[in-house]
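Biologist: I would like to go through this model with you, one question at a time. Could you show it first?

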Amino acid sequence: MTVCLSIAPALANGQTFDFEDCEIGQKFTMWNVDQGNITDEAKAVAEVVADPTNPNNKVLHITVKTWGTFVTLTLPPELAGHLLTDSKSTLSFDLYRPNTDADDWKQFHAYLGNDKLYQDESYPYQGDKGQWIAKQYPLGKVTTATDDERNLHIGIHHNNSEYYIDNVRLKGQHDDYFVASNSNNLIDICKKNTSSDYMVWNTPTLIPENETLNIRTARYSYLNSKMEGAGIINLYAGGERTYLGRTGKTTKTIIQTGRYSMAP
Ligand SMILES: [Ca+2]
């Protein structure tokens with residue numbers, strides 16, 4: 001089974017399954033909570049097809065005739081097991097229900113292996129048919145899945161359903177952050193610049209507990225990103241002026257030169 005995982009651009013919204021690297025007609029594994037993988041296509045099938053609204057886009061077409069049957073997407077190793085919900089808290093995707101789809105009231109489920117991460121309460125309205133709808137669900141924490149579990153099972157729990165999905169994304173609170181770690185512990189904007197050419201660091205930055213981040217600023221710099229986490233920042237101020245928390249020149253927070261260590 002080909003994964004067809006394409007990675008969204010750096011610092012975008014994390015990993016995305018957009019099916020663009022798949023061949024039209026490629027099948028994805030269908031999985032049942034009681035029976036495991038389903039090979040009988042009369043019960044369930046998932047196939048890459050052209051978007052019913054845009055022939056230039058590839059999407060996954062899913063038909064299920066058996067309760068508790070979902071498509072399997074294979075996660076990359078960095079999201080295996082508990083790593084999935086350590087870093088990602090939300091699952092989103094685009095859903096299209098054809099006008100012929102039966103019954104509007106259905107449940108959405110998500111599993112990692114056998115570990116259920118989400119289930120709709122009751123049987124909510126799944127949205128208007130004949131158009132793409134953006135869906136988003138919070139993920140519960142991984143509890144029973146093993147550390148090497150990479151089978152993400154998602155879909156609509158129903159015994160007669162037809163739908164299409166695209167742009168399946170796993171999003172985390174810190175996807176857009178610079179995250180400090182042992183191997184990623186330096187922000188270096190050091191430069192011998194002038195007051196008409198300030199260096200700026202404004203990427204949201206997370207310094208987890210027990211991590212240390214070194215920041216080297218320029219002769220003239222603005223350091224105005226959101227900083228989070230219980231780790232340590234060593235700030236090496238570069239020269240004339242480093243402004244913290246502001247982009248304007250009216251702030252009074254100026255570090256002339258020298259080495260600063262700040263511990264929360
Ligand atoms: Ca697509």
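Biologist: Thanks! To start, how many bridges join strand β18 to β21?

Modeller: A word on conventions first: this is a predicted model, where local features need pLDDT of at least 70, side-chain atom pairs count only at pLDDT 80 or more, and totals for chains, interfaces and linings use all residues. Residues are numbered from 1 along each chain as its sequence is written. Strands are DSSP runs of E with at least two residues, and helices are runs of H or I with at least four, numbered from the N terminus; two strands pair if DSSP finds at least two bridges between them. Strand β18 (residues 205-206) and β21 run parallel, and the number of bridges joining them is two.

Biologist: Which residue of β21 is the bridge partner of threonine 205?

Modeller: The setting is an open sheet of three strands with parallel pairing, in the order β15-β18-β21. Its edge strands, β15 (178-179) and β21 (227-228), each pair on one side only. In β21, the partner of threonine 205 is methionine 227.

Biologist: There is also an open sheet of six strands; what is its order?

Modeller: The pairing in this sheet is antiparallel. β4 (residues 30-32) pairs with β5 over three bridges, β8 with β13 over four, and β10 with β13 over six. The order is β5-β4-β8-β13-β10-β11.

Biologist: Why is one side of β5 and of β11 left without a neighbour in that sheet?

Modeller: β5 (36-38) pairs with β4, and methionine 30 stands opposite isoleucine 38 in β5. β5 and β11 (115-119) have one side free because they stand at the edges, each with a single partner strand.

Biologist: Which residue of β13 stands opposite both valine 71 and alanine 110?

Modeller: β13 is mostly covered, with five of its seven residues buried (20 or more other C-beta atoms within 10 Å of their own; 12 or fewer is exposed, in between is partly exposed, and C-beta atoms are placed from the backbone). Valine 71 has its opposite number in β13, and so does alanine 110. In both cases the residue is isoleucine 154.

Biologist: Which element gives the most to the largest nonpolar core?

Modeller: A nonpolar core is a set of buried Ala, Val, Leu, Ile, Met, Phe, Trp, Tyr and Cys residues joined through C-beta atoms within 7 Å. The largest one has 38 residues, and Leu60, Ile62, Val71, Leu73, Leu112 and Ile165 touch the most other members. With five residues, the element that gives the most is β14.

Biologist: Leaving aside neighbours within four places in sequence, which residues are in contact with isoleucine 165?

Modeller: Contact here asks for C-beta atoms, placed from the backbone, within 7 Å. Isoleucine 165 is among the residues that touch the most other members of the largest core. Its contacts are Val59, Leu60, Ile62, Phe93, Asp94 and Leu95.

Biologist: Over which residues, 5-14 included, does the pLDDT fall below 50?

Modeller: pLDDT is the predictor's confidence in each residue, from 0 to 100, and the protein averages 88, with 87% of the residues at 70 or higher. Where pLDDT is low, the predicted coordinates should not be read in detail. One such stretch has 22 contacts beyond near neighbours in sequence, and another has 16 beyond four places. They are residues 5-14 and residues 250-260.

Note on methods
Two residues are in contact if their C-beta atoms, placed from the backbone, lie within 7 Å.
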